[in-house]
Amino acid sequence: MLWWTLQGLAAAGHELQLIAPLDAREPAPTDDDAAALAQVCTAVLWPVRTRSWPRSIASAFRHGGSVTTTRHFHPSLAQVVADRIASWRPDVVHAEQLQAMRHCAAATAAAVPRVLRMQNVESSLWRQVAQARLLAAPLAFEAGRVRRDECEAVRQADRVLSLSADDTATFAASVDASQQSKLVTLAPAFPSVLPAAPALKGDPAIVLAGSGGWWPNAQALDWFLDHVCPLLWSALPGARVHVFGGQPTPVRGVVWHPSPADATAAFPEGAIAAVPLQIGSGIRMRILDAWARGLPVVASPVAAAGLAVASGRELLIAQRAEDFVAAIVRLHAEPALRANLRASGRAYLRTRHDIAVQSERLIDLYAQAGARLR
């Protein structure tokens with residue numbers, strides 16, 4: 001999401017500096033990645049070491065705040081941001097998600113407006129996970145602390161952007177009436193056409209995202225493998241499910257792939273994208289990616305939430321395992337339906353996520369944030 005935002009702002013003629021943490025335990029960006037970034041912005045990828053969960057819990061209870069924001073706060077990174085604000089004097093500081101907001105505190109003293117883009121309602125995600133898991137009390141407690149962090153971030157920001165109207169309404173219900181005028185819905189910029197990877201085996205081939213360390217993804221994947229796949233093999237014996245990322249486990253008809261360095265690999269030509277999430281907020285970027293790469297999508301109601309879509313128009317919505325299988329069987333048997341969904345998905349991207357249009361709207365919101373601060 002951030003990559004397309006940077007591209008859109010750079011194309012509109014704006015000078016950008018990107019300051020981001022780089023976990024010291026992760027591989028450094030490739031030369032190609034660094035060159036691509038250099039074309040749109042000055043990038044400062046600051047090496048950090050993310051705190052362990054036990055240390056984060058202890059620190060959160062000592063100093064207040066949620067565990068998740070404490071875990072991802074790095075004083076050295078905040079100092080880099082402060083130094084850049086002092087030396088470069090930007091017109092606006094854009095914080096990309098809740099955890100980034102604490103790093104931008106120096107903007108207040110420098111009278112530089114802060115715009116926060118909430119990629120989702122994190123407190124809602126924690127609450128949903130608490131409702132779905134055993135031993136939920138600590139997770140529910142964390143949900144409350146994250147909600148307080150969100151309210152404080154809204155208070156500090158000059159504009160707060162949500163990806164969907166649903167998320168904006170959720171934030172509005174949580175904050176004081178005096179803060180609600182800051183809340184704006186702005187769909188993320190995204191291209192309408194991207195390349196697909198070469199086709200994979202399967203009649204049909206179905207692609208899913210692995211867990212990637214995010215429990216809702218793992219839950220959705222396990223549910224699909226346990227409940228959908230047995231019915232799928234009965235209906236379509238030649239089908240193959242391709243999972244990208246996560247911990248491989250031997251399951252009949254399932255092919256495991258490592259998490260790809262390039263997202264293209266996870267969207268092979270001719271495949272069907274299944275998005276069975278049962279916990280979510282914001283907008284599923286995986287659905288936008290599938291549309292741009294020409295893949296028809298079968299999604300749960302939770303996965304489709306936040307998008308102004310209708311089942312049978314841009315995608316197929318399925319709740320139960322039987323519904324997912326029926327939708328995949330339909331897509332396999334009806335080439336015209338696949339073509340219509342591909343065309344409607346790309347039309348949705350052109351209408352609601354055009355990079356130039358959404359970038360201009362974002363620039364206007366930056367100007368509003370500056371006017372409000374003045």
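## A cis proline to start with

Pro204 sits in the loop between β6 and β7. In this predicted model, the peptide bond leading from Asp203 into Pro204 is cis, with omega near 5 degrees. For context, most residues other than glycine have a negative phi, and most peptide bonds are trans.

Two residues go against the phi part of that rule of thumb. Gln97 isn't a glycine, yet its phi is positive, at about 100 degrees. You'll find Gln97 in the loop between β3 and α6 (106–109), where it is partly exposed with a relative accessible area of 31%. Ala111 also has a positive phi, near 60 degrees, and its place is the loop between α6 and β4. Ala111 counts as partly exposed because its relative accessibility is 47%, and partly exposed covers the range between 20% and 50%.

## The whole chain

Stepping back, the protein has 15 helices and twelve strands. Its radius of gyration is 21 Å, close to the 21 Å that the globule rule gives for 374 residues, so the protein is as compact as a globular protein of that length. Along the principal axes, the C-alpha atoms fill a box of roughly 65 × 50 × 45 Å.

How much of the protein is buried? Buried residues account for 49% of the 374. As for contacts between residues at least 6 apart in sequence, 67% of them join residues at least 24 apart.

## The four-stranded sheet

One open sheet has four strands in the order β3-β4-β5-β6, paired in parallel. Its edges are β3 (93–96) and β6 (183–185), each pairing on one side only. On average, neighbouring strands here are turned by 25 degrees against each other, ignoring direction.

Inside this sheet, β4 (residues 114–118) and β5 (residues 159–162) pair in the parallel sense over four bridges, and Leu116 stands opposite Val160 in β5. Helix α9 (residues 165–174) lies across β4, β5 and β6, and runs at about 170 degrees to β6.

## The six-stranded sheet

The other open sheet to look at has six strands in the order β9-β8-β7-β10-β11-β12, again with parallel pairing. β9 and β12 are at the edges with a single partner strand each, so one side of each has no neighbour in the sheet.

β7 is mostly covered, with four of its five residues buried. On one hand β7 pairs with β8 in the parallel sense over five bridges, with Ile206 opposite Val241 in β8. On the other, β7 pairs with β10, also in the parallel sense, over two bridges; here Val207 has Ala273 of β10 as its bridge partner. Further along, β11 and β12 make a parallel pair over two bridges, and Ala299 is matched with Ile317 in β12.

## A kinked helix, α10

Does α10 have the span you'd expect, or what does its length say? At 1.5 Å a residue, the 21 residues of α10 (residues 215–235) should span 30 Å, and the end C-alpha atoms are 29 Å apart, which agrees. There is still a kink of about 45 degrees at Val228, shortly before the proline Pro230.

Val228 itself is one of the buried residues of α10, which also include Leu221, Trp223, Phe224, Leu225, Leu232 and Trp233. The buried residues of the helix pack against α7 (122–132), β7 (205–209), β8 (240–244), β9 (254–257), β10 (272–275) and α13 (321–333).

## Two loop residues

Arg293 and Ala308 are worth a look too. Arg293 is in the loop between α11 (285–292) and β11 (297–299). Is Arg293 buried or exposed? Arg293 is buried, because its relative accessible area is 9% and the cut-off for buried is under 20%. Setting aside residues up to four places away in sequence, Arg293 touches Leu194, Pro195, Ala196, Ala263, Thr264, Phe267 and Arg346.

Ala308 is in the loop between α12 (301–304) and β12 (316–317). At a relative accessible area of 36%, Ala308 is partly exposed. Beyond its neighbours within four places in sequence, Ala308 is in contact with Arg313, Glu314, Tyr348 and Arg352. Ala308 and Ser164 are 144 residues apart in sequence, while their C-alpha atoms are 9.3 Å apart in space.

Technical notes:
Residues are numbered from 1 along each chain as its sequence is written. This is a predicted model: local features need pLDDT of at least 70, side-chain atom pairs count only at pLDDT 80 or more; totals for chains, interfaces and linings use all residues. Side-chain values use heavy atoms; hydrogens and water are left out. The expected span of a helix is 1.5 Å times one less than its number of residues. The bend at a residue is the angle between axes fitted to the seven residues ending there and the seven starting there. Buried means under 20% relative accessible area, exposed over 50%, partly exposed in between (1.4 Å probe, protein chains only). Contact means heavy atoms within 4.5 Å. Two strands pair if DSSP finds at least two bridges between them. Axes are lines fitted to C-alpha atoms, for helices over the stretch in contact, and angles run from 0 to 180 degrees between N-to-C directions. The radius of gyration is taken over C-alpha atoms; the globule rule is 2.2 Å times the number of residues to the power 0.38.
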